[in-house]
Structures are given as C-alpha cells and as structure tokens.
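This report introduces a protein structure to a reader who has not met it before. Please keep the sequence and the model in view while reading.

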Amino acid sequence: MKVKLDDYEVRVLINGLIQQHRSYDAETNGQIDSLALRLCDIAEAMKPGRKKKIPFEPVEIRVICQCLMEWRNREIQAKRHGAVDAINELLIRFTR
C-alpha cells in the first residue's frame with residue numbers, strides 16, 4: 001500500500017513510532033526500529049512541504065496503526081487535543 005505524506009507527516013509518524021518503541025515484544029520493536037530508520041532516510045530526502053507516495057508492507061501498516069492508536073490514547077488521557085487531531089489524520093491515511 002502506498003500512502004501519500006508530506007515531510008511534516010513523516011516526521012510526526014517517526015515521532016509516534018519512537019514514542020511507542022520498547023512497549024512491545026522484541027520482534028515488533030525490531031520492526032519499529034527498521035521502519036523508523038527507513039522513514040528517517042525518506043524524510044531527509046524529501047523537500048519541505050512536498051508530498052511523496054511512500055510504499056508500506058502490510059506488516060508495517062499493522063505496526064504503524066498499532067503505534068498510532070496507542071499514542072493517540074495516551075494523548076487523549078493527557079488532554080492534548082491538538083496532538084490527537086494530528087494523530088487521527090495520520091491514522092485515517094493508514095486505515096483506508
């Protein structure tokens with residue numbers, strides 16, 4: 001699946017993955033590590049404000065959705081509604 005993201009959204013996604021890092025088993029943490037590193041490389045190559053279609057494997061989509069949902073739930077509990085809105089936007093892109 002390809003998801004169209006701008007450089008800001010990629011960086012928010014990286015932040016979400018890193019925030020959830022070490023919350024899972026070794027295999028999932030390894031997937032988060034490799035995905036975050038791949039996204040860092042993509043983010044550095046992107047031009048500011050431009051969007052890029054980024055291909056993701058089904059297992060990556062699963063990990064991303066899991067991380068984003070748990071991150072969103074923590075932000076809801078902390079009453080940080082601006083962050084929740086941004087996370088929801090990303091979650092929508094990965095659940096289509």
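## A salt bridge beside a loop

Glu75 is a buried residue, with a relative accessible area of 6%. The model in which this value was computed is a predicted one. The side chain of Glu75 meets that of Arg80 in a salt bridge, with a distance of 2.6 Å from N to O. Arg80 is partly exposed, at a relative accessible area of 45%.

Lys79 is located in the loop between α3 and α4. Its relative accessibility of 64% places Lys79 among the exposed residues. Lys79 is not a glycine, yet it has a positive phi of about 60°. Most residues other than glycine have a negative phi.

## Salt bridges between helices

How many salt bridges does a search of the whole structure find? The search yields 3 salt bridges. Side chains of opposite charge can pair when their charged atoms come close.

One of the salt bridges joins the side chains of Glu9 and Arg93, at 3.1 Å from N to O. Glu9 belongs to helix α1 (residues 7–20) and Arg93 to helix α4 (residues 81–94), so this pair links distant parts of the chain, 84 residues apart. Glu9 counts as buried, at 13% relative accessibility, whereas Arg93 counts as partly exposed, at 23%.

A further salt bridge is formed by Arg38 and Glu60, whose closest N and O atoms are 3.1 Å apart. Arg38 lies in helix α2 (residues 26–45) and Glu60 in helix α3 (residues 58–77), and the pair therefore ties together parts that are 22 residues apart in sequence. Arg38 is partly exposed, with 26% relative accessibility. Glu60, in turn, is buried, with a relative accessible area of 18%.

## A patch of positive charge

Which residues gather in a patch of positive charge on the surface? They are Lys2, Lys4, Lys51 and Lys53. Two strands, β1 (2–6) and β2 (51–55), each supply at least two residues of this positive patch.

Lys4 may serve as an example from the patch. This residue is found in strand β1. Lys4 has a relative accessible area of 44% and is therefore partly exposed, since that class covers values between the 20% limit for buried and the 50% limit for exposed residues.

## Cysteines without a disulfide

The count of disulfides comes to 0. Why do Cys40 and Cys67 not form a bond? The cysteine sulfur closest to that of Cys40 is in Cys67, and at 14 Å it is too far for a bond. A disulfide requires a pair of cysteine sulfur atoms within 2.5 Å. Cys40 counts as partly exposed, at 30% relative accessibility.

For Cys65, the closest cysteine sulfur is likewise in Cys67. The distance here is 9.6 Å, which is too far for a bond. Cys65 is buried, with a relative accessible area of 10%.

## Residues apart in sequence

Several pairs of residues can be described both by their separation in sequence and by their distance in space. Asp7 has its place in helix α1 and counts as buried, at 14% relative accessibility. Asp7 and Lys47 are separated by 40 residues in sequence, and their C-alpha atoms are 7.1 Å apart in space. Glu44 also pairs with Asp7 in this description: the two are 37 residues apart in sequence and 8.4 Å apart in space, from C-alpha to C-alpha. Glu44 is found in helix α2. With a relative accessible area of 66%, Glu44 is exposed.

Helix α2 is also the place of Ala36. Is Ala36 buried or exposed? Ala36 counts as buried, at 5% relative accessibility. Ala36 and His21 are 15 residues apart in sequence, with 9.8 Å between their C-alpha atoms.

Methods
Residues are numbered from 1 along each chain as its sequence is written. This is a predicted model: local features need pLDDT of at least 70, side-chain atom pairs count only at pLDDT 80 or more; totals for chains, interfaces and linings use all residues. Side-chain values use heavy atoms; hydrogens and water are left out. Patches are made of residues with over 30% relative accessible area and no salt bridge: like charges are joined within 9 Å, nonpolar side chains (Val, Leu, Ile, Met, Phe, Trp, Tyr) within 5 Å. Accessible areas come from the Shrake-Rupley method with a 1.4 Å probe; for residues, only the protein chains shown count as cover. A salt bridge is a side-chain nitrogen of Lys or Arg within 4 Å of a carboxyl oxygen of Asp or Glu. Lys and Arg count as positive and Asp and Glu as negative; His and the chain ends are not counted. The place of a charge is taken as NZ of Lys, CZ of Arg, CG of Asp or CD of Glu. Helices (H or I, at least four residues) and strands (E, at least two) are DSSP runs, numbered from the N terminus. Buried means under 20% relative accessible area, exposed over 50%, partly exposed in between (1.4 Å probe, protein chains only).
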